[in-house]
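Q: I'm new to this and I learn best by zooming in. Please pick one part of this structure, walk me through it closely, and then show me what else I should look at.

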Amino acid sequence: MKIFNQLLAVFFLFLALACATDKKEETANESKFNEPYRPQFHFTPATNWMNDPNGMVYYDGEYHLFYQHHPDGNVWGPMHWGHAISTDLVYWEHMPVALAPDSLGTIFSGSAVMDLENTSGLGTTEAPAMVAIYTYHDAAGAEAGRDDFQTQGIAYSTDKGRSWTKYEGNPVLKNPGIRDFRDPKVAWVETAPQQGKWIMTLAVKDKISFYSSPNLLDWTFESDFNTEWAAYGGVWECPDLFTLTTDGGEEKWVLLVSINPGGPNGGSATQYFIGDFDGSNFNVESSEIKWLDYGTDNYAGVTWSNVPESDGRRLFIGWMSNWNYANIVPTENWRSAMTLPRSLHLVKKGDGFLIASKPVEELEKIRSSSQSFSEEGFSLTEELVELELQPKEADFSLEFSNDSGEKLLVSKVGNQLSLDRSTSGETDFWDGFGTVHHAPIAANKAEKVHIFLDRSSIEVFINDGETVMTEIIFPTKPYTELKLTGFGENNSLYYLESIW
Ligand code: FRU
């Protein structure tokens, strides 16, 4: 009996220890994605540095998101491609690093396509290759003062992005002697029914160069695009070229070009051009600088390749930071998040066109509760908030605050939308961070206001995304009060669930 009791005691001791270890692991996992400032419904790398989204491609029910990643440090360093997969653009699974530096250089930004017809011969039509086209950055060459240190290379995967092989004939596009020669975005462009070619859109210092290829391996120069009146405050980076169609059925070609610095509110931002692409040349229609997002924190964004026609959306994601301060924002375990995924829409305004961005509808699945309200102020009982508001007055304001006196202000006066993060929380890590930023609102009218507030960001969409401001913030505690002026009866508040 004594022995039995002793055995029983040992058994319970083991059980207790096992449970404690489980608990410890659980807490460690939870705290990993629940640190101060860790976004709760935006993609972040599990650890360390991230910048541009890369190689976004859809295949067989999966959205792939690759990204500029420094796996060994929380500031920019030798670039790799990190990788994550989602089946719904909301919940993400972190995957192993997809591409690491090799003797040709580190792996800068680029794109990925499905080679469904096996034009490259790198896969088969039954198991088509996912092909990544990226920039090799030869840091030693750059340091040695050479001009040709950026070239384009490719890698391929025949197991749905799980493992990657670098093409042995790399680089596939050599550098003609231009220091900034990078960020290839490749797409199959139909030039006639049943006829087409791969087009590479490349950022080359202060212009865009187009190259074409029948097979992703051999590239021929087609043309350059730049205009006198575009924004040239900094180097052109991360372009994208695609078509969009208005609700009325008019199709246009769109060219996105990120620029750093020189954004409308300082530092990094993305301008776009609307026009026509004939398979060789891009011609722009109007001479007006247009910005995809007026906030300070949506950069290097591009769109997903191979989204099925049955879906039909042009899906976009951007890097939610700014080169002005990305390396010194007050986070440790990881640095930077992506914006919410958005669909892009071509909207006709008078004789011209603009691009509107809308958060994808899939995000509705993280709404945990909803309430309508008409009050001009109330307490927020949870931290993660989505608001859909209808202004009653021409001007409006919203003030989020916490009991440490930190305040974030969104307001519209006349034709100007403003986002004031000067007292929003921690701002002193960079001199110009705590400032007020502005965006114009077409026709002075804001009929709909859609806001997403995460633990360290705010995204404001006016009139179904015709004007957008995306900004990061660092409140030391969640905002618990919301005061509003200028809104009517029809407002909705949703609390959101964490995706982690
Ligand atoms: C844009 C960018 C790209 C480059 C990458 C390097 O943010 O400068 O032009 O490929 O970042 O990480």
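A: Let's zoom in on β21 and strand β22 (residues 352–359), which pair in the antiparallel sense over eight bridges. Keep in mind as we go that this is a predicted model. To see the pairing residue by residue, start at S343: its bridge partner in β22 is K358. Now follow the chain to the turn. β21 and β22 form a hairpin with two residues between the strands, and here G350 takes a positive phi near 60°.

β21 has another partner too. Strand β19 (residues 315–319) runs antiparallel to β21, and two bridges join them. Look for F316, which stands opposite R342 in β21. While you're tracing these strands, here's a handy rule: in a regular strand the side chains alternate between the two faces of the sheet.

β21 also takes you to a pocket. β21 (342–349) supplies at least two residues of the lining of the largest pocket, and so does each of β5 (106–115), β9 (182–192), β10 (195–204), β13 (235–245) and β14 (251–260). That pocket has a volume of about 1,200 Å³. Its lining is made up of 37 residues, and the ones nearest its centre are W188, N306, V307, E309 and R314. Sort the lining by type and you get 17 nonpolar residues, eleven polar and nine charged.

Next, have a look at the ligand. The residues around the ligand are N51, D52, Q68, W76, M79, F108, S109, R182, D183, E237, Y299 and W323. Three of the side chains are worth a closer look. In D52, a side-chain N or O atom is 2.7 Å from an oxygen atom of the ligand. For E237, the distance between a side-chain N or O atom and a ligand oxygen is 2.8 Å. W323 has a polar side-chain atom that lies 2.9 Å from an oxygen atom of the ligand.

Two of the strands that line the pocket also help you find some unusual backbone spots. P171 sits in the loop between β8 (165–166) and β9, and the peptide bond from N170 to P171 is cis, with omega near -5°. Something similar turns up after β14: P261 is in the loop between β14 and β15 (269–277), and the N260 to P261 bond is cis, with omega near -10°. Then there's N48, in strand β1 (residues 48–59). N48 isn't a glycine, yet its phi is positive, about 70°. These spots are worth pausing on because most residues other than glycine have a negative phi, and most peptide bonds are trans.

Now move further along the chain to a couple of sheets. One is an open sheet of six strands, in the order β23-β34-β25-β30-β31-β32, with antiparallel pairing. β23 (367–373) and β32 (467–472) are its edge strands, each pairing on one side only. On average, neighbouring strands here are turned by 10° against each other, direction ignored. For a detail, check strand β31 (residues 457–462), which pairs with β32 in the antiparallel sense over six bridges. One bridge to look for links E459 to its partner T470 in β32.

Another open sheet has six strands in the order β24-β33-β26-β27-β28-β29, again with antiparallel pairing. β24 (377–379) and β29 (436–440) stand at its edges with a single partner strand each, so one side of each has no neighbour in the sheet. Neighbouring strands in this sheet are turned by 10° against each other on average, ignoring direction. Inside it, strand β27 (residues 407–413) runs antiparallel to strand β28 (residues 416–423), with six bridges joining them. S411 has its bridge partner, S418, in β28.

Last stop: the cavities. There are four cavities of 30 Å³ or more, and the largest of them has a volume of about 100 Å³. That cavity is lined by 13 residues, with S336, A337, S456, I472 and F474 nearest its centre. Its lining divides into eight nonpolar and five polar residues, with no charged ones.

Conventions
Residues numbered from 1 in each chain as written. Predicted model: local features only at pLDDT ≥ 70, side-chain atom pairs only at ≥ 80, totals over all residues. Heavy atoms only, no water. 1 Å grid on protein atoms, 1.4 Å probe; cavity = no way out; pocket = protein on both sides within 12 Å on 5 of 7 lines; lining within 4 Å. Points joined across faces, edges and corners; volume = space filled by probe spheres on them. Helix = DSSP H or I, 4+ residues; strand = E, 2+ residues; numbered from the N terminus. Nonpolar A, V, L, I, M, F, W, Y, C, P; charged D, E, K, R; others polar. Pairing = 2+ DSSP bridges. Axes fitted to C-alpha atoms, helices over the stretch in contact; angles between N-to-C directions. Near = heavy atom within 4 Å. Polar contact = N/O pair within 3.5 Å; in protein donor to acceptor, adjacent residues only side chain to side chain.
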